[in-house]
Amino acid sequence: MEFVDSQLISQANADGRQELFARKNPQGVKPGSILLVETLNSTADKSTSTFMGVCIAIRRKGIDSSFTLRNIVMRVGVEQRFSLYSPLVKSIRILQKPTDLKFRRAKLFYLRDQPGKAFQPLQGLWKQEQLDKAAAVAKK
């Protein structure tokens, strides 16, 4: 079973997601990182949607690995869980890494009760991302 699991991971790991979420990678994703995930809406349709949020949990279970992002949208907390090796996940980008002193836990579920602690930089990063995207479209 481990062989099958490793084969499936090697097939799904086309863009280096396994290294991005590896435990021993110091440049990888840690709880508290701010991520931007671009997903396809369906396999037939080429339209995409983006979600940006704070990574509050990483579940490493082989091919079933997943991570949970949390953001505040219109004053309501929104959590979305993404499967790491899903073919619908188009890209994962790290926008900001956590500082060592800010988060000392592996699961940041306590942020559900303290929304102001980690979600303040999200608004500025989202605006900067939109400006960068508009500049890239204007160049073309």
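This report describes the strands, salt bridges, surface and backbone angles of the structure shown above. The structure is a predicted model.

**The strands**

Strand E1 covers residues 34-40, and 5 of its 7 residues are buried, so this strand is largely enclosed by the rest of the structure. Strand E1 has two partners in the description that follows. It is joined to strand E2 (residues 48-59) by 7 bridges, and E1 and E2 run antiparallel. Two facing pairs illustrate this contact: Ile34 stands opposite Val54 in E2, and Leu36 stands opposite Met52 in E2. Strand E1 is also joined to strand E5 (residues 89-96), here by 6 bridges, and this pairing is antiparallel as well. Within E5, Val89 is the bridge partner of Thr39.

Strand E2 is in turn joined to E3 by 5 bridges, and these strands run antiparallel. In this pairing Ala57 stands opposite Thr68 of E3. The hairpin of E2 and E3 has 6 residues between the strands, and Gly62 there takes a positive phi near 65°.

**The salt bridges**

The structure holds 5 salt bridges. The table lists three of them, with the distance between the closest N and O atoms.

| Pair | Closest N and O atoms |
|---|---|
| Arg17 and Asp15 | 3.1 Å |
| Glu38 and Lys90 | 4.0 Å |
| Glu79 and Arg112 | 2.6 Å |

Glu79 lies in strand E4, while Arg112 lies in the loop between E5 and helix H3 (120-139), so their salt bridge ties together parts that are 33 residues apart in sequence. Glu79 is partly exposed because its relative accessibility is 31%, and Arg112 is partly exposed at 39%. These two residues also belong to a network of salt bridges that links Arg70, Glu79 and Arg112.

Glu38 forms its salt bridge with Lys90, and this pair links distant parts of the chain, since Glu38 is in strand E1 and Lys90 in strand E5, 52 residues apart. Glu38 has a relative accessibility of 23% and therefore counts as partly exposed. Lys90, with a relative accessible area of 45%, is partly exposed too.

In the pair of Arg17 and Asp15, the two residues differ in exposure. Arg17 has a relative accessible area of 8% and is therefore buried, whereas Asp15 has 45% and is partly exposed.

**The start of the chain**

Met1 is found in the segment before H1, and its relative accessible area of 83% makes it exposed. Together with Phe3, Val4 and Leu8, Met1 forms a nonpolar patch on the surface, with about 480 Å² of accessible area in total. Glu2 lies in helix H1 (residues 2-12) and is exposed, with a relative accessibility of 71%. From C-alpha to C-alpha, Glu2 and Gln96 are 34 Å apart in space, and they are 94 residues apart in sequence.

**Two unusual backbone angles**

Most residues other than glycine have a negative phi. Met74 has a positive phi of about 55° although it is not a glycine. Arg75, also a residue other than glycine, has a positive phi near 65°. Where are these residues placed? Met74 is in the loop between strand E3 (66-73) and strand E4 (76-83), and Arg75 is likewise in the loop between E3 and E4. Met74 counts as exposed because its relative accessibility is 77%, and Arg75 counts as exposed because its value is 83%.

Technical notes: Residues numbered from 1 in each chain as written. Predicted model: local features only at pLDDT ≥ 70, side-chain atom pairs only at ≥ 80, totals over all residues. Heavy atoms only, no water. Helix = DSSP H or I, 4+ residues; strand = E, 2+ residues; numbered from the N terminus. Buried < 20%, exposed > 50% of the residue type's maximum accessible area, 1.4 Å probe, protein only. Pairing = 2+ DSSP bridges. Patch = residues over 30% accessible without salt bridge, like charges linked within 9 Å, V, L, I, M, F, W, Y side chains within 5 Å. Areas by Shrake-Rupley, 256 points an atom, 1.4 Å probe, with all protein chains shown as cover. Salt bridge = Lys/Arg side-chain N within 4 Å of Asp/Glu carboxyl O.
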